[in-house]
Each structure stands twice: as structure tokens, then as C-alpha cells.
Amino acid sequence: MKPGVSILPRVKTSTRHVSSPSPATTGELLQLVREGRAMSRADLARATGLARSTISQRVEALIAHKLLTESGEGPSTGGRPPMRLAFNARGGVVLAADLGATHCRLAVTDLAGEVLAEQGAALAIARGPDEVLPWMLDRFDELLQGAGCTRAEVRGVGIGVPGPVEFEEGRAVSPPIMPGWDGIRIPERVHPRFPVPVLVDNDVNLMALGEYGAVWRDQVEDLLFVKVGTGIGCGIIAGGRVHRGAQGTAGDVGHIQVSDHSGEVCHCGNVGCVEALASGSALAGQLRALGLSAAHSRDVVELARAGQRDAVRLIRAAGRRLGEVLAGAVNLFNPAVIVIGGDMAHAHEHLFAGVLEVVHRRSTPLAARNLRLVASSLNDRAGIMGCALGVLDEVLAPSAIDASLAQYTESGK
Ligand SMILES: [Zn+2]
């Protein structure tokens with residue numbers, strides 16, 4: 001893989017296989033090449049201590065499975081010039097679907113996370129799994145066709161949904177804005193058409209992973225991604241990984257109560273939740289109460305961009321309320337970066353003013369000193385990037401590669 005080609009940087013992993021007393025597996029050899037730490041069979045032999053004949057056998061297997069390419073001349077070491085090994089990013093594709101409450105984005109990416117084809121569409125998740133999932137699978141087929149790929153090339157599928165997910169099983173659990181989805185194991189609906197690993201996660205977790213993988217992975221390990229759209233949610237990257245918590249609901253900051261409320265009732269049943277006061281839909285409601293026309297968060301952003309004073313004033317107030325919640329999060333978690341995404345990030349200059357004012361007043365000085373607050377740089381693409389990166393981490397993990405090669409060997413293919 002040439003540096004700079006991929007949207008997603010190389011996967012950061014442990015160096016366990018180098019110091020481990022057990023010999024490196026085929027999957028671990030692939031990882032050395034993928035990370036740019038080996039560019040020839042000789043490099044692999046040096047890095048692992050394996051015999052050249054063993055290296056050759058495993059490299060041939062990886063080439064046969066389209067995961068490595070070997071071509072041209074590598075850097076000369078004085079003797080016979082070696083062939084250069086490279087990770088074959090075009091040796092397969094992954095499918096990504098970021099399903100939001102009212103709209104979605106779908107993509108086909110290569111094995112380095114580069115988007116080959118993508119599509120955005122209006123889609124109401126509330127139409128239920130029997131309608132939404134077959135629709136999604138049909139769009140996947142169209143995108144594959146558009147990218148000149150076949151179903152057989154698909155190595156994994158990543159899907160983000162706007163609700164809690166039992167991650168191991170890909171099962172939606174009592175999602176409040178997804179009627180009909182409770183208990184649905186989403187991978188079971190995908191497997192008849194795409195019999196490959198299917199990763200399902202909460203959409204904000206995947207946005208956090210996408211933003212982290214594409215922008216921050218080489219710089220920081222602890223990051224919060226706060227989505228402020230119709231609702232308010234937060235994805236947590238702790239130590240370089242998504243932190244989901246004991247029941248998968250970590251980061252549900254929208255239902256933390258703010259002090260500055262007047263008894264506003266949230267859809268969760270409590271009063272004074274930050275989501276009921278500072279989300280895009282809450283702001284739209286506040287503007288409608290003043291006689292302005294605002295159906296949802298995007299209208300609020302439009303008004304603020306046009307300089308409408310009430311919209312600007314209310315977004316700043318929302319920023320202060322969000323700042324109160326985030327100041328608590330900063331004290332608890334000490335992130336290096338807070339990324340704000342979702343529709344309201346498009347009015348970030350007003351929102352951030354309020355957030356920063358309170359975060360710096362209410363967080364401990366040490367936690368807030370080097371804290372960076374930034375708008376999402378992937379915007380609407382953060383979700384599909386997270387889907388792709390999550391799937392690639394899973395299907396290209398050394399253990400997954402070893403298992404998949406073993407399966408081929410056993411079945412004699
Ligand atoms: Zn609530």
C-alpha cells in the first residue's frame with residue numbers, strides 16, 4: 001500500500017507477534033506488510049525469524065488469496081534485487097451503511113478504506129427492518145455494480161444504526177427511535193445475500209471510529225465524538241478503541257440533566273435532559289415558539305448562517321448547556337480532543353463559543369489546558385468511514401486471516 005493512497009491510515013496494533021515466542025502466523029505476516037514494516041520476503045524473514053521456505057509458502061498463500069501483490073524490484077541490497085511485496089487494497093471490498101433517523105449514506109470501499117462508490121438517500125429508519133434492510137441490500141448491489149465489483153469480492157459489511165446495539169450479536173436493543181427493530185439480529189438479515197462478517201454498531205460509535213481513524217489515530221488515544229443533530233449522543237475512543245461500556249450504552253450523554261432548565265420534559269420521561277434543551281430538534285422547537293419557521297436541525301443552521309439573531313442566541317445558549325455536560329465528561333474522562341459532528345456542527349462557531357465558555361470555567365485546569373475542540377472534518381462521511389474501518393479491523397486481523405486461510409485449506413479450494 002503506497003503511503004497517502006488510503007483514506008484510512010494503517011491500523012495501529014500491538015507488536016506482540018515480533019516479541020512473542022510463538023512463530024508468526026500467515027495473518028501476522030500480512031499485517032507486517034500492511035503496516036509498512038516489511039516490503040519483501042527478506043524483510044519478513046528478518047522480522048519474524050521464520051525460515052525462508054516457510055515465508056515463501058505463506059506469502060504464496062496470501063498472493064493466491066489476493067491479499068498481497070509482488071512485483072517490480074524492491075530496494076537493492078547488493079545481491080539479486082528482491083521483489084517488492086505490497087498489501088493489495090483492491091483484493092476485495094467492504095460495504096458500509098450509515099443508517100440515520102431520517103437519512104442514510106452507503107458506500108463500497110476497498111480494503112484500505114478508499115471509497116469506490118457511495119450514495120446518500122432519505123430513509124426513515126422507523127419504516128422498520130422488513131422494509132429498510134432489503135432496500136439497503138438492493139442499494140449495496142447497485143453500488144457494487146457501479147464500482148465494477150461482484151458480490152464474491154465482498155469481504156465484510158459494516159452497518160451503523162441510530163440506537164443501542166448489543167455489539168457481539170449485532171442486535172438492536174430497545175432503540176427508542178427505531179420502532180420494530182427491538183431484538184432484530186441484523187447480520188442474520190444480511191447473510192443470505194452477503195455471507196461475510198457483518199459488524200453492527202451504534203451510529204455515533206462508528207462516527208467516532210471514522211473520525212478517529214481518518215484524522216487522529218496517530219496523534220491521540222482518547223477522544224470524544226459528540227453528535228449534535230436531532231438528538232445528542234457521544235462516541236468514546238479510550239486508549240485508541242471504542243469504549244462501549246458494560247451494556248453498550250456508554251456515551252449516552254443526551255440524557256444528562258443540565259442545571260439551567262425549566263422543567264422541559266424529554267422523550268425519555270425525565271426533565272431537563274440536555275437533548276431536550278440543546279439538540280437541533282429542541283432548538284427548532286424554541287424557534288417555532290418565537291414564530292420562526294424551523295422544522296428540524298438543518299433549518300436552525302440555515303437561520304443562524306443567515307444571521308438570524310434569535311437562532312444565533314439560542315445556539316450559543318445550547319452551547320453553554322452542552323458545555324456543562326461536556327465539562328463533566330472532561331473531568332471524568334480527560335479526552336485530548338472533543339470532535340463535534342452532526343447537523344449542528346455546521347453552526348459550530350456559535351455552538352463552540354458557548355461550549356468553550358463553560359468547559360473552561362467548569363473543568364479542572366489540567367484536564368482543560370490542552371483540550372482541543374474541533375468540528376468533524378469528515379462531516380456526513382464519518383459514519384461510513386467508521387463502518388469501513390471497523391469491518392477492516394475485524395476481517396484483516398491476523399486471527400481472522402488465519403482462520404479464513406485454514407478454511408480454504410481444509411475445503412481443498
Ligand atoms: Zn432524556
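Helices in this predicted model are DSSP runs of at least four residues, numbered from the N terminus. Leu 351 lies in one of them, helix α12.

Helix α12 covers residues 348–362. At 1.5 Å a residue, its 15 residues should span 21 Å, and the end C-alpha atoms are 20 Å apart, which agrees with that expectation. The buried residues of α12 are His 350, Leu 351, Phe 352, Gly 354, Val 355, Val 358 and Val 359. In an α-helix there are 3.6 residues a turn, so residues three or four places apart point the same way. The buried residues of α12 pack against two helices, α10 (297–305) and α11 (309–333), and against two strands, β13 (337–341) and β14 (372–375).

Leu 351 has a relative accessible area of 1%. Because the cut-off for a buried residue is under 20%, Leu 351 counts as buried. Leaving aside residues up to four places away in sequence, Leu 351 touches Ile 315, Ala 318, Gly 319, Leu 322, Ile 340 and Met 344. Between Leu 351 and Arg 321 the separation is 30 residues in sequence, and their C-alpha atoms are 10.0 Å apart in space.

A second helix, α3, spans residues 41–48, and its residues Arg 41, Asp 43, Leu 44 and Ala 45 are buried. These buried residues of α3 pack against α2 (26–34), α4 (52–64), β1 (68–71) and β2 (84–87). Gly 49, just after α3, takes a positive phi of about 75 degrees.

Most residues other than glycine have a negative phi. Lys 66, which is not a glycine, has a positive phi near 60 degrees. Lys 66 is placed in the loop between α4 and β1 and is exposed, with a relative accessible area of 52%. Asn 379, again not a glycine, has a positive phi of about 50 degrees. Asn 379 belongs to the loop between β14 and α14, and with a relative accessible area of 39% it is partly exposed.

The largest pocket holds about 1,200 Å³ of space. It is lined by 48 residues, of which Pro 162, Asp 203, Val 204, Lys 227 and Gly 231 are the closest to its centre. By class, the lining of the largest pocket consists of 15 nonpolar, 24 polar and 9 charged residues. At least two lining residues come from each of β4 (103–110), β5 (115–122), α7 (203–216), β11 (232–238), α10 and α14 (382–395). Helix α7 gives the most to this lining, with 4 residues. Helix α10 thus has a place in two parts of this description: it supplies residues to the lining of the largest pocket, and the buried residues of α12 pack against it.

Confidence in the model varies along the chain. The average pLDDT of the protein is 90, and 91% of the residues score at least 70. Helix α5 (residues 129–146) has the highest confidence, at 98, whereas helix α1 (residues 16–19) has the lowest, at a mean of 46. Over residues 1–20 the pLDDT is below 50, and this stretch has 47 contacts in the model beyond near neighbours in sequence. Where pLDDT is low, the predicted coordinates should not be read in detail.

Note on methods
Residues are numbered from 1 along each chain as its sequence is written. This is a predicted model: local features need pLDDT of at least 70, side-chain atom pairs count only at pLDDT 80 or more; totals for chains, interfaces and linings use all residues. Side-chain values use heavy atoms; hydrogens and water are left out. The expected span of a helix is 1.5 Å times one less than its number of residues. Buried means under 20% relative accessible area, exposed over 50%, partly exposed in between (1.4 Å probe, protein chains only). Contact means heavy atoms within 4.5 Å. pLDDT is the predictor's confidence in each residue, from 0 to 100. On a 1 Å grid over the protein atoms alone, a cavity is a set of points where a 1.4 Å probe fits but cannot get out, and a pocket is an open set with protein on both sides within 12 Å along at least five of seven lines; lining residues have an atom within 4 Å of a point. Grid points are joined across faces, edges and corners, and a volume is the space filled by probe spheres set on the points. Ala, Val, Leu, Ile, Met, Phe, Trp, Tyr, Cys and Pro count as nonpolar, Asp, Glu, Lys and Arg as charged, and the others, Gly among them, as polar.
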